[in-house]
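Visitor: Please show me the model, and explain the terms applied to it.

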Amino acid sequence: MNYEEKLKKAGFTLSVNTVPNIRPFESAVQAGNLVFVSGHAARVNGELIHKGIVGGNVTVQQAQEASRAALINCLKSVKELIGDLDKIVRFVNIKGYVASTPEFTEQPQVMNAVSDLVNQVFGEAGKHSRVAVGAASLPGGTSVEVELIVEVK
């Protein structure tokens with residue numbers, strides 16, 4: 001079973017991005033055998049989900065759902081760049097930014113949803129280093145932003 005089939009089995013699909021890039025940067029770039037994926041927000045069908053601040057109007061469970069959506073968007077960018085997720089050799093690093101109140105300290109719990117999904121779908125190749133940090137706010141009001149570095153063949 002390939003990685004996309006495993007993602008589908010886990011309840012996620014990668015749709016093709018039909019919107020042209022109008023930003024002054026790329027969603028993902030490759031340098032040698034590494035792909036650096038820009039921060040992606042928690043969008044589903046182009047709309048932000050669970051906008052706001054975790055520990056305020058967004059629960060940990062909602063932020064976990066948002067973090068998985070952001071991961072899927074990162075994976076879409078990887079696929080658009082390299083053509084096939086099965087070219088992923090390993091996840092090198094995952095960074096998660098969580099818009100949260102100053103008192104909120106469970107950013108790692110939010111990002112565990114991403115780590116768990118990566119480990120479930122990618123197995124040994126999913127073992128990664130990670131950062132989970134809080135932020136006062138994130139672009140567009142998204143509650144979570146995720147970025148990746150993956151090694152490819």
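Guide: The following exchange concerns salt bridges, exposure and the nonpolar core.

Guide: This is a predicted model, in which local features need pLDDT of at least 70, side-chain atom pairs count only at pLDDT 80 or more, and totals for chains, interfaces and linings use all residues. Residues are numbered from 1 along each chain as its sequence is written, and side-chain values use heavy atoms, with hydrogens and water left out.

Visitor: Why is the pairing of Glu4 and Lys79 called a salt bridge?

Guide: The term requires a side-chain nitrogen of Lys or Arg within 4 Å of a carboxyl oxygen of Asp or Glu. For Glu4 and Lys79 the N to O distance is 2.9 Å, so the pair qualifies.

Visitor: What makes this pair a tie between separate parts?

Guide: Glu4 belongs to helix H1 (residues 3–9) and Lys79 to helix H2 (residues 60–82), so parts 75 residues apart in sequence are tied together. Helices here are DSSP runs (H or I, at least four residues), numbered from the N terminus.

Visitor: How do you know whether Glu124 and Lys127 are buried or exposed?

Guide: Buried means under 20% relative accessible area, exposed over 50%, and partly exposed in between (1.4 Å probe, protein chains only). Glu124, at 57%, is therefore exposed, whereas Lys127, at 44%, is partly exposed. These two residues also form a salt bridge, with their closest N and O atoms 3.3 Å apart.

Visitor: What makes a set of residues a nonpolar core?

Guide: Its members are buried Ala, Val, Leu, Ile, Met, Phe, Trp, Tyr and Cys residues joined through side-chain atoms within 4.5 Å. The largest such core has 40 residues, and its largest share, 11 residues, comes from H2.

Key
Helix = DSSP H or I, 4+ residues; strand = E, 2+ residues; numbered from the N terminus.
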